[in-house]
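Please open the model in your viewer and keep the sequence panel beside it. The stops below each suggest a selection and then describe what is there.

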Amino acid sequence: MKRVTALAAAVLALALTACGTSENVAAQANSSATAQPVSVTDARNKKIDLKAPAVKVVGLEWGVVESLITLGVMPVGVADTKGYKAWVSAEKLDDSVKDVGTRGESSVDAIVALNPDLIITTTDESPAAIAQMEKAAPVLVVRGADAKNAIPQMKSIVELIGQAVGKTEQAKTVLADFDKLLAEGKQKIAAAGKAGTPYTMADGYKEGSTISIRMYTSGSLLGAVANELGMKNAWTAAGDKDYGLASTDIEGLTKLKDGEFLYIANDADGGDVFGADLAKNAIWKNLPFVKSGNVHRLADGIWMFGGPKSTEQFIDATVQAVTS
């Protein structure tokens with residue numbers, strides 16, 4: 001990805017700059033003078049020791065970034081800030097946040113230039129990239145998702161980040177609020193007589209003339225949440241071991257019976273293959289849930305792999321779609 005020699009030069013340059021700048025160093029020292037050291041164990045089972053809770057944090061995955069902001073820590077750097085702003089509406093980025101490249105292909109040099117206390121990424125990041133980053137700052141690696149424990153895994157990420165940035169109590173409050181909203185959503189669906197309603201959840205994209213459809217199994221975060229709301233996932237095929245996603249095409253949807261079809265699209269990135277590209281497709285028009293008018297496009301900006309706040313947006317949107 002990036003040359004180690006370039007990284008070493010950047011680290012040296014930062015060290016020399018710090019030696020000649022007493023004001024900023026003194027300010028950082030004073031702000032952390034009373035803070036206690038922090039130790040957390042990440043998804044690699046590696047212990048990360050920090051002299052104080054991290055303040056200057058770089059986030060390389062959008063769900064991580066969202067959770068940081070929810071806990072009151074605005075990251076100094078984020079991978080693909082433009083994409084984040086298009087897909088994640090639950091927590092806004094400040095204009096001051098620097099873009100450090102793409103997700104999965106971030107610029108180590110750009111990260112080093114920010115002199116972070118901590119870099120947070122996921123197990124989707126390559127070990128080689130993580131090793132380079134660790135030359136500049138501690139790296140906390142979280143598992144992005146777990147199809148066997150989707151909701152607990154999302155919560156564990158919030159808790160781990162909370163420990164690293166000294167926001168453990170805020171994390172508890174955030175997760176308690178999430179549990180409350182989920183329980184309230186379940187009550188609303190039951191009160192509307194919709195408990196046990198079959199549903200499918202999907203997104204889709206077009207490459208040339210080919211439309212691919214991504215199904216959210218019960219192992220996905222959104223699928224697990226919909227199940228907790230009291231609904232029943234009609235898509236029973238297995239998904240991948242992490243994100244619980246399965247691939248199909250328009251013919252694959254013919255196995256589904258009537259029920260609620262929920263989907264997410266984004267006008268700023270990829271458009272709406274269901275509402276536009278498939279609208280005149282004969283197979284699509286004859287699907288039971290299409291004929292009965294049970295197709296629901298959820299609002300843009302609900303990040304499908306986010307933290308509690310994005311997931312709460314999904315809860316609100318799903319309850320509204322199913323009960324109205």
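Begin with the whole protein chain, coloured by burial: of its 324 residues, 46% count as buried, where buried means under 20% relative accessible area, exposed means over 50% and partly exposed lies in between, with a 1.4 Å probe and protein chains only. This is a predicted model, in which local features need pLDDT of at least 70 and side-chain atom pairs count only at pLDDT 80 or more, while totals for chains, interfaces and linings use all residues. Residues are numbered from 1 along each chain as its sequence is written, and side-chain values use heavy atoms, with hydrogens and water left out.

Switch to a cartoon, and the protein chain shows 13 helices and 15 strands; these are DSSP runs numbered from the N terminus, with helices (H or I) of at least four residues and strands (E) of at least two. Among contacts in the protein chain with a separation of 6 or more, 64% are between residues 24 or more positions apart, a contact being heavy atoms within 4.5 Å.

**The parallel sheet**

Next, select the open sheet of 5 strands, whose order is β5-β4-β3-β8-β9 and whose pairing is parallel; two strands pair if DSSP finds at least two bridges between them. Strands of a sheet pair through backbone hydrogen bonds, either parallel or antiparallel. At the edges are β5 (98-99) and β9 (139-142), each of which pairs on one side only. Within the sheet, β3 (residues 57-59) and β4 (residues 77-78) pair in the parallel sense over 2 bridges, and Gly59 stands opposite Val78 in β4.

Now add the helices that pack on this sheet. Helix α3 touches β3, β4, β8 (118-122) and β9, and its direction makes about 135 degrees with that of β8. Helix α7 (residues 150-164) touches β8 and β9, with its direction at about 165 degrees to that of β9. Such angles run from 0 to 180 degrees between N-to-C directions, and the axes are lines fitted to C-alpha atoms, for helices over the stretch in contact.

Beside β9, pick Ala137, which is found in the loop between α6 (127-133) and β9. Ala137 is buried, with a relative accessible area of 5%. Leaving aside neighbours within four places in sequence, Ala137 is in contact with Pro116 and Ile119. A C-alpha to C-alpha distance drawn from Ala137 to Val58 gives 10.0 Å, although the two are 79 residues apart in sequence.

**Where α3 meets α13**

Return to α3 (residues 62-70) and show α13 (residues 308-323) with it: the two helices pack at an angle of about 100 degrees, with their axes 8 Å apart. The helices α3 and α13 are therefore roughly perpendicular to each other, a class that covers 65 to 115 degrees, whereas angles under 35 count as roughly parallel, over 145 as roughly antiparallel and the rest as oblique. With side chains displayed, Glu66, Ser67 and Thr70 in α3 meet Pro308, Lys309 and Ser310 in α13.

**The antiparallel strands**

Select β10 (residues 198-207) and β11 (residues 210-216), which run antiparallel and are joined by 6 bridges. Glu207 stands opposite Thr210 in β11. The two strands form a hairpin with 2 residues between them, and Gly208 in the turn has a positive phi of about 65 degrees. Adding β13 (residues 245-248) shows a strand that runs antiparallel to β11 and is joined to it by 4 bridges, with Thr248 as the bridge partner of Ile213.

**Two loop residues**

Most residues other than glycine have a negative phi, and most peptide bonds are trans. Select Asn45, which has a positive phi of about 65 degrees although it is not a glycine; Asn45 is found in the loop between β1 (38-41) and β2 (47-50) and is exposed, with a relative accessible area of 66%. Then move to Asp80, in the loop between β4 and α4 (81-87), where phi is also positive, near 60 degrees. Asp80 counts as partly exposed, at 24% relative accessibility.

**Aromatic rings**

Finally, show the aromatic side chains: the structure holds 12 aromatic pairs, counted where ring centres of Phe, Tyr and Trp (its six-membered ring) lie within 6.5 Å, with planes under 30 degrees apart called stacked, over 60 edge-to-face and the rest tilted. The rings of Phe274 and Trp284 have their centres 5.6 Å apart and their planes at 35 degrees, so this pair is tilted. Both Phe274 and Trp284 are buried. Last, select Trp62, Trp87, Tyr216, Tyr243, Trp303 and Phe305, which form one aromatic cluster.
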